[in-house]
Amino acid sequence: MGSQRMSNRALGRATLARQSLLSRSDASALDMIEHLCGLQAQAPAPPYFALWTRLTRFRAESLSDLIENRAVVRIVAMRGTVFALSATDALSFRPLTQPLLDRDLHTNTQHRSGLDGIDLGALAAAGRELVRDEPRTQSQMRPLLEERFPGRDGAALAHGVRGLVPMVQVPPRGLWGRSGQPALSTLESWVGRPLSAAPSIDTMLLRYLAAFGPASARDAQAWSGLTRLGEVFDRLRPELRVFQGEAGPELFDLPDAPRPDPGTPAPVRILAPFDNVLLSHADRGRLLDDDVRKKVFTQNGIIKPAVLVNGRVAAFITTVVEKSRAVLDVEPLATIAKTHRTAIEAEGRRLLKFAHPEAPERVVRFTG
């Protein structure tokens, strides 16, 4: 018997259910971060908005406290970008993503020549030593690395250390309402625990399915940046459900994971900038159309805060603070019914109250 087919709408509802975007969760911030396998965090603010849209009673201070208490760390992991991960997940996810960071050292067009022929073991040791006594930024590390590797470009050397050594961006970087350059310390010294000695790619992919499934091997590769994951799914196949998507590839899922009826109502939600739910599948058809994607994903790598209407991206927002008021502009990317506009306005006011509680006036307006 062939595998059961799943429409893009059915896939979308399944993903939204697991992302707490069909109904908000009462979970703690830490539990949600672990369930979602971390939050996209190359900029400081997006993780806060990602949690705000998924949790019933989220306070920004709760994530800041987790970062200050070292229960959550900002670290390069999946896709070679910065994630906010629980310290426990970082100790296993970071070693599992090492192959893509190794690959980057040999393929990065900007820094490859500066690292050509260098002793990578010696470079990693130098990087660890430089942050042993105090965190340092990459700009602080560059001249010190150039002293140890005469004739080499400091920017390339610092980039090499970033890929070779698991390092966290320490506070105040990433704290709500505060700022700071990304000063680095090694993950192990910061959290006081060693890297996982035997991290499991099987467990990592089962975690991925729990948060983003049903998904194909290519989807998991888009989420993680790793390759040859089809082999892992083949190994896991006996304990998974297998579906067929509209686009053709096999989709794997946990047997007991939620797969709501495709007709389940999906409320208006405003996603974070760079929200990982839009970045974690090779085929993004479950949540957005290709022409819409090109308007939300900009050419310079920015991913705008998208608005979900009936389970699909239908607009994006821009927030500006003018003198005595905070304004949230909604740019529709499709026709939006009046009832949905009313829901977007209500959600937008909630967002402005969270982001700008001191603003005397908060306004939501549509630009089209």
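This passage walks through a sheet, several helices and a few unusual backbone sites of one predicted model. Local features were taken only where pLDDT is at least 70 and side-chain atom pairs only at pLDDT 80 or more, while totals for chains, interfaces and linings use all residues. Residues are numbered from 1 along each chain as its sequence is written, and side-chain values use heavy atoms, with hydrogens and water left out.

A good place to start is the open five-stranded sheet, in which the strands follow the order β9-β10-β11-β12-β13 with mixed pairing. Its edges are formed by β9 (269-270) and β13 (361-366), each of which pairs on one side only. Helices (H or I, at least four residues) and strands (E, at least two) are DSSP runs numbered from the N terminus, and two strands pair if DSSP finds at least two bridges between them. β9 is joined to β10 (residues 306-309) in the antiparallel sense over two bridges, and R269 has L308 of β10 as its bridge partner. Helix α16 (residues 338-355) lies across β9, β10, β11 (312-322), β12 (325-332) and β13, and runs at about 145° to β13. Such angles run from 0 to 180 degrees between N-to-C directions, with axes fitted as lines to C-alpha atoms, for helices over the stretch in contact.

Turning to helix packing, α8 (residues 120-130) and α9 (residues 138-148) pack at about 135°, and their axes are 11 Å apart. The two helices are therefore oblique to each other, the class left over once angles under 35 degrees (roughly parallel), over 145 (roughly antiparallel) and 65 to 115 (roughly perpendicular) are set aside. At their interface, L123, A126, G127, E129 and L130 of α8 meet M141, L144, L145 and R148 of α9, where contact means heavy atoms within 4.5 Å.

Helix α1 (8-18) is largely enclosed by the rest of the structure, because nine of its eleven residues are buried. Here buried means under 20% relative accessible area, exposed over 50% and partly exposed in between, with a 1.4 Å probe and protein chains only. The buried residues are N8, A10, L11, G12, R13, A14, T15, L16 and R18. Their cover includes β1 (4-6), α2, α12, β8 (250-253) and β10, the last of these also being a strand of the sheet described above.

Some backbone sites also deserve a look. Most residues other than glycine have a negative phi, and most peptide bonds are trans. S20, which follows α1, has a positive phi near 55°; S20 sits in the loop between α1 and α2 (29-35) and is buried at 10% relative accessibility. R79 likewise is not a glycine yet has a positive phi of about 60°. This residue belongs to the loop between β3 (72-76) and β4 (82-86), and R79 is partly exposed at 24%. Cis peptide bonds join P171 to P172, with omega about 15°, and G213 to P214, with omega near -10°. P172 is in the loop between β5 (167-169) and β6 (184-186), and P214 in the loop between α12 (201-212) and α13 (217-224).

Finally, N108 occupies the loop between α6 (98-107) and α7 (112-115) and is buried, with a relative accessible area of 16%. A polar atom of the N108 side chain lies 2.9 Å from the backbone nitrogen of Q110, and the side chain of N108 also reaches the backbone nitrogen of H111 at 2.9 Å.

Key. Polar contact = N/O pair within 3.5 Å; in protein donor to acceptor, adjacent residues only side chain to side chain.
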